[in-house]
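Welcome, and thank you for taking a look. Below is a short tour, meant for someone meeting this structure for the first time.

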Amino acid sequence: MDTAQERTDVSAHEEGAALTDVVIVGGGPAGLSAALSLGRARRRVVVVDSGEPRNRVAAHMHGVLGHDGLSPLVLLERGRAEAAGYGVRFVHGEAAAVRVAGDLIEVDTAEGTLRTRRFLVATGLEDVLPDIPGFREQWGRGVVVCPYCDGWEHRDDVIGVVATSPRSVEQAQLLRQWSDRVVYFENVVGATSGTDLERLASRGIRIESGAVTGLRIEGELMTGVEVDGRVVDVDVVFTGPTMRPRDALLRALGATTTTSELGDWVDVDADGRTSVPGVWAVGNVVNVRANVSVSLGLGSLVAGALNADLVADDVAATLLAV
Ligand SMILES: Cc1cc2nc3c(=O)[nH]c(=O)nc-3n(C[C@H](O)[C@H](O)[C@H](O)COP(=O)(O)OP(=O)(O)OC[C@H]3O[C@@H](n4cnc5c(N)ncnc54)[C@H](O)[C@@H]3O)c2cc1C
């Protein structure tokens, strides 16, 4: 059983049994990395994906070893082809609903209901941007979030940081690593505390008070931030969107959550297990810090743990049968 074609044929045959080892919802870096490992472990895997990865607005992806500067969509296209080579099947569209059915989990998709032994959620998160004109249009270009993804491209530029919470002060301090021309816009968050002011000033970070009302766009290019009826020249804006995990499926299954300053997030252990038996999660849906590399790594780690869990099940089932 060596060739990719033979492997695909086997998988197609096994689909007839309508039982899958693992259904993965979400075909971003986390889900595809898990799919690749599980496919190579000869598991019957289906990936259900609606095709809207978080970084789809970015033309280039940075900080991913071996792929620096690659289009994020090209990475996923390659990932899908690699996983398909090991028999992983893809269903396009939303996984609309999920339920526990005895020892199995049923997942409703555009192509019908899938029955699976294990369920892995890798649905990512949604970035909710501040409601400022121009932000959505410039998202991923003139307005960005992650210094490690876009800081180098704006080294020594005038970097604006538009505050969305008191934590934005830390974002400004971090960005000072890439440029000594950082402007901190207090925006509606309001006056920065005395200590923060001192710290920002000590590193030459300029503070602009007042609510940000828009951006100056010239052609396609963002060139300034409108505040208090004037425009401050900047080359790029970094901001902190509210990050909302796309965890509706996990919540529908009753997964437990923990509240932190970042909101209410579903609990997983170090292997990616949720509190619901047979249900696992990986990537941005449960980990706000999972960039592409971390998502790829955790996808692989969770796949290994999932496969071991299935092996343990197989052993137990065999012992029961004898
Ligand atoms: C503008 C921007 C630029 C970025 N640039 C970089 C960068 O340069 N380098 C870097 O390392 N990181 C970057 N990131 C972070 C990167 O996008 C995330 O780390 C990564 O996408 C997380 O992968 P994931 O697999 O968890 O989720 P995602 O990539 O978001 O994938 C989730 C997938 O699940 C699908 N999905 C969701 N719900 C359902 C459902 N119910 N049914 C079916 N499918 C569903 C979505 O359509 C999507 O395809 C950037 C982020 C942003 C916002």
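## Getting oriented

Helices and strands here are DSSP runs, numbered from the N terminus, with at least four residues for a helix and at least two for a strand. With that in hand, W139 can be placed in the loop between α4 (135-138) and β8 (143-144). Please keep in mind that this is a predicted model.

The protein has nine helices and 19 strands. Along the principal axes, its C-alpha atoms fill a box of roughly 75 × 40 × 30 Å. Of its 322 residues, 45% count as buried.

## Where the ligand sits

Where does the ligand lie with respect to domain 1 and domain 2? Domain 1 (4-126 + 242-321) and domain 2 (130-239) both contribute residues to the shell around the ligand, so the ligand lies between them. There are 34 residues around the ligand, and D49, S50, E52, H62 and A290 come nearest. By kind, the residues of this shell divide into 13 nonpolar, 15 polar and six charged.

Several backbone atoms approach oxygen atoms of the ligand. For A290, a backbone N or O atom lies 2.7 Å from a ligand oxygen. For R54, a polar backbone atom is 2.9 Å from an oxygen atom of the ligand, and for A30 a backbone N or O atom lies 3.0 Å from one. Taken alone, the ligand exposes 1000 Å², and the protein buries 96% of that. The elements that give two or more residues to the shell are α2 (29-40), β2 (45-49) and α9 (292-321).

## A closer look at A30

A30 deserves a second visit. This residue lies in helix α2, one of the elements that give two or more residues to the ligand shell. Is A30 buried or exposed? Its relative accessible area is 6%, so A30 is buried. A30 and A281 are 251 residues apart in sequence, and their C-alpha atoms are 9.4 Å apart in space.

## The nonpolar core

The largest nonpolar core has 22 residues. Those with the most contacts inside this core are V23, V25, V48, V107, F119 and L250. Two or more residues each come from β1 (19-25), β2, β5 (104-109), β6 (112-121), α8 (248-252) and β19 (279-281). Which element gives the largest share of this core? The answer is β6, with three residues. Strand β2 appears both here and in the shell around the ligand.

Strand β6 also holds T113. With a relative accessible area of 45%, T113 is partly exposed, because the partly exposed class runs between the buried limit of under 20% and the exposed limit of over 50%. T113 and G79 are 34 residues apart in sequence and 25 Å apart in space, C-alpha to C-alpha.

## Some buried and exposed residues

Back to W139, in its loop between α4 and β8. At 10% relative accessibility, W139 counts as buried. W139 and D196 are 57 residues apart in sequence, and their C-alpha atoms are 27 Å apart. Q171, in helix α6 (residues 168-175), also counts as buried, at 11% relative accessibility. The side chain of Q171 reaches the backbone oxygen of V145 at 3.1 Å.

G63 sits in the loop between β2 and α3 (72-84). At 54% relative accessibility, G63 counts as exposed. How many residues apart in sequence are G63 and Y148? They are 85 residues apart, while their C-alpha atoms are 7.0 Å apart in space.

## Two residues with positive phi

Most residues other than glycine have a negative phi. Against that background, two aspartates are worth finding in the model. D156 has a positive phi of about 65° although it is not a glycine, and this residue is found in the loop between α5 (147-150) and β9 (159-162).

D228 also has a positive phi, near 55°, and is likewise a residue other than glycine. The place of D228 is in the loop between β13 (221-227) and β14 (230-233). Is D228 buried or exposed? At 55% relative accessibility, D228 counts as exposed.

Methods. Residues are numbered from 1 along each chain as its sequence is written. This is a predicted model: local features need pLDDT of at least 70, side-chain atom pairs count only at pLDDT 80 or more; totals for chains, interfaces and linings use all residues. Side-chain values use heavy atoms; hydrogens and water are left out. A residue is near a molecule or strand if one of its heavy atoms lies within 4 Å of it. A polar contact is a pair of N or O atoms within 3.5 Å; within protein, one must be able to donate a hydrogen and the other to accept it, and residues adjacent in sequence count only if both atoms are side-chain atoms. Accessible areas come from the Shrake-Rupley method with a 1.4 Å probe; for residues, only the protein chains shown count as cover. Ala, Val, Leu, Ile, Met, Phe, Trp, Tyr, Cys and Pro count as nonpolar, Asp, Glu, Lys and Arg as charged, and the others, Gly among them, as polar. Domain bounds come from an automatic or database domain assignment. A nonpolar core is a set of buried Ala, Val, Leu, Ile, Met, Phe, Trp, Tyr and Cys residues joined through side-chain atoms within 4.5 Å. Buried means under 20% relative accessible area, exposed over 50%, partly exposed in between (1.4 Å probe, protein chains only).
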